Amino acid sequence: MKFVAFERTIEFFYKNVFTKPKNEYNKVTQLAITFTSGYIAGILCALVSQPADTMVSKLNNIKSESSTMDAMRIIYQELGFKGLWRGIGARIIMVGTLTGF
C-alpha cells in the first residue's frame, strides 16, 4: 500500500500542483516533491495499520489460554476504539519521516 500511495501522491503533485514536466524542475524541487510524497504515504500507512498493530502488540503481551478472538475482545474492552489509536502521533512522525527518506 505504501508504494501505491507514494506513486499516486507524486502523480497528484505533478498533475495538479507542479504542472510543468518533471524534468523542468531542479533537483531540489524534485527531491522535495519525492520527500513530501513519501511522508504522505507514510502517514496513510500509519493510519491504516495503527489499530491492528496496537492489537497485535497487546496480544503478544497477554498470557491467556483463551482463543485469539476472546483475547482480542478483552483487549478491545480494555482499550476501546480510541485506545487502539494511542501513539498515532509519534507513529506518524516516525513512519512518515522514514518513508519520506
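**Exercise 1. Leu44 and its surroundings**

Work out whether Leu44 is buried, partly exposed or exposed, and place it in the fold.

*Solution.*
Step 1. In this predicted model, Leu44 has a relative accessible area of 36%. Buried would need under 20% and exposed over 50%, so Leu44 lands in between, as partly exposed.

Step 2. Now for the secondary structure: Leu44 sits in helix H2, which covers residues 27-61.

Step 3. Look at the contacts next. Leaving aside residues up to four places away in sequence, Leu44 touches Met1 and Ala5. As for Arg8, its C-alpha is 12 Å from that of Leu44, with the two positions 36 residues apart in sequence.

**Exercise 2. A nonpolar patch**

Find which residues join Leu44 in a nonpolar surface patch, and give the accessible area of the patch.

*Solution.*
Step 1. The members are Met1, Ile40, Leu44, Leu47 and Val48. Together they show about 420 Å² of accessible area.

Step 2. Check one more member. Leu47 is also a residue of helix H2, and its relative accessibility of 36% makes it partly exposed.

Step 3. Patch members need over 30% relative accessible area, and the 36% of Leu47 clears that bar.

Step 4. Ile40 has a link to helix H1 too: Thr9 touches both Ser37 and Ile40, not counting residues up to four places away in sequence. Thr9 belongs to helix H1, residues 2-17, and at 11% relative accessibility it counts as buried.

**Exercise 3. Salt bridges**

How many salt bridges are there, and which residues make them?

*Solution.*
Step 1. The count comes to three. The cut-off to keep in mind is a nitrogen-to-oxygen distance within 4 Å.

Step 2. Start in helix H1. Arg8 and Glu11 pair up at 3.5 Å, N to O. They are three residues apart in that helix, so about one helical turn separates them. On accessibility, Arg8 is exposed at 52%, while Glu11 is partly exposed at 44%.

Step 3. Go on to the pair Arg91 and Asp53, with the closest N and O atoms 2.4 Å apart. Arg91 is in helix H4 (residues 88-100) and Asp53 in helix H2, so this bridge ties together parts that are 38 residues apart in sequence. Asp53 is partly exposed, at 36% relative accessible area.

Step 4. That leaves Arg73 and Asp70, whose closest N and O atoms are 2.7 Å apart. Both are in helix H3 (residues 68-83), three residues apart, or about one turn of the helix. Arg73 comes out partly exposed at 47%, and Asp70 is partly exposed as well, at 35%.

**Exercise 4. Aromatic rings**

Count the aromatic pairs, classify the one between Phe13 and Phe18, and list the ring cluster that holds them.

*Solution.*
Step 1. Searching the whole structure turns up six aromatic pairs.

Step 2. For Phe13 and Phe18, the ring centres are 6.4 Å apart and the planes make an angle of 65°. Centres have to lie within 6.5 Å, and planes over 60 degrees apart count as edge-to-face, so this pair is edge-to-face.

Step 3. Ring pairs link Phe12, Phe13, Tyr14, Phe18 and Tyr25 into a cluster.

Step 4. Compare the accessibilities of the two Phe residues: Phe13 is buried at 14%, whereas Phe18 is partly exposed at 26%.

**Exercise 5. The overall build**

Describe the fold, then set its radius of gyration against that of a compact globule.

*Solution.*
Step 1. Four helices and zero strands make up the secondary structure, so-called α-α-α-α when read along the sequence.

Step 2. For 101 residues, a compact globule would have a radius of gyration near 13 Å, but this protein has 19 Å.

Step 3. Now the box: along the principal axes, the C-alpha atoms fill roughly 60 × 20 × 20 Å.

Step 4. What about contacts along the chain? Take those with a separation of 6 or more: 69% of them are between residues 24 or more positions apart.

Step 5. Finish with the surface. Buried residues account for 31% of the 101 residues. The protein exposes about 7100 Å², of which carbon and sulfur atoms supply 64%.

How values were computed. Residues numbered from 1 in each chain as written. Predicted model: local features only at pLDDT ≥ 70, side-chain atom pairs only at ≥ 80, totals over all residues. Heavy atoms only, no water. Patch = residues over 30% accessible without salt bridge, like charges linked within 9 Å, V, L, I, M, F, W, Y side chains within 5 Å. Areas by Shrake-Rupley, 256 points an atom, 1.4 Å probe, with all protein chains shown as cover. Salt bridge = Lys/Arg side-chain N within 4 Å of Asp/Glu carboxyl O. Helix = DSSP H or I, 4+ residues; strand = E, 2+ residues; numbered from the N terminus. Buried < 20%, exposed > 50% of the residue type's maximum accessible area, 1.4 Å probe, protein only. Rg over C-alpha atoms; globule rule 2.2 N^0.38 Å. Contact = heavy atoms within 4.5 Å. Phe/Tyr/Trp six-rings, centres within 6.5 Å; stacked < 30°, edge-to-face > 60°.
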